[in-house]
Amino acid sequence: QVQLVESGGGSVQAGGSLTLSCKISGMTYSRYCLGWFRQAPGKEREGVAKLSGASPGTYLADSVRGRFTISRDSAKNLLYLQMNSLKPEDSAMYYCAATGYVHSCGVVGWTPDNFISWGQGTQVTVSS
């Protein structure tokens, strides 16, 4: 069973930076998609960034492209989300998520239902 544990959230002023981490355990398959989602109060959960387990390349939502970077340390089983130039509209609960066996992130889109394992979330608050 895949387990995901996020950390690194907090409060920051607009223009600041934060790095979120996600510790991954229990993943026994080599082809998968890992993603970061966020959900603000009263809004739907939205995909922010994702990367494939067995192919290069990352995917970023238009709203964060140029400001956020997704990366991983396979040796440490960690997934990261580096967030720069933060805006108040980036405030949300951020979740790490993983799919089941898929060839790449290209086949799963940004649909949360396609991700079967979720962390508990870490709160990011950006003040103006």
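Two strands count as paired when DSSP finds at least two bridges between them, strands themselves being DSSP runs (E, at least two residues) numbered from the N terminus. By that yardstick, β4 and β5 pair in the antiparallel sense over six bridges. The model is a predicted one, with local features needing pLDDT of at least 70, side-chain atom pairs counting only at pLDDT 80 or more, and totals for chains, interfaces and linings using all residues. Residues are numbered from 1 along each chain as its sequence is written, and side-chain values use heavy atoms, with hydrogens and water left out.

Within the β4–β5 pair, F37 sits opposite G47 of β5. The hairpin has six residues between the strands, and G42 there adopts a positive phi near 80°. β4 also runs antiparallel to β9, again through six bridges, with Q39 facing M93 of β9. Six of the seven β4 residues are buried (under 20% relative accessible area, 1.4 Å probe, protein chains only), so β4 is largely enclosed by the rest of the structure.

On β5 (residues 46–52) lies S52, which counts as buried because its relative accessibility is 2%. Its side chain reaches the backbone nitrogen of C105 at 2.7 Å. Beyond four places in sequence, S52 touches (heavy atoms within 4.5 Å) Y32, C33, G57, Y59, R72, S104 and C105.

As for nonpolar cores (buried Ala, Val, Leu, Ile, Met, Phe, Trp, Tyr and Cys residues joined through side-chain atoms within 4.5 Å), the largest has 30 residues, with W36, F68, L79, L81, M83 and Y94 making the most contacts inside it. A second, separate core of seven residues includes F37, A97, V102 and V108.

Notes:
Helix = DSSP H or I, 4+ residues; strand = E, 2+ residues; numbered from the N terminus. Buried < 20%, exposed > 50% of the residue type's maximum accessible area, 1.4 Å probe, protein only. Polar contact = N/O pair within 3.5 Å; in protein donor to acceptor, adjacent residues only side chain to side chain.
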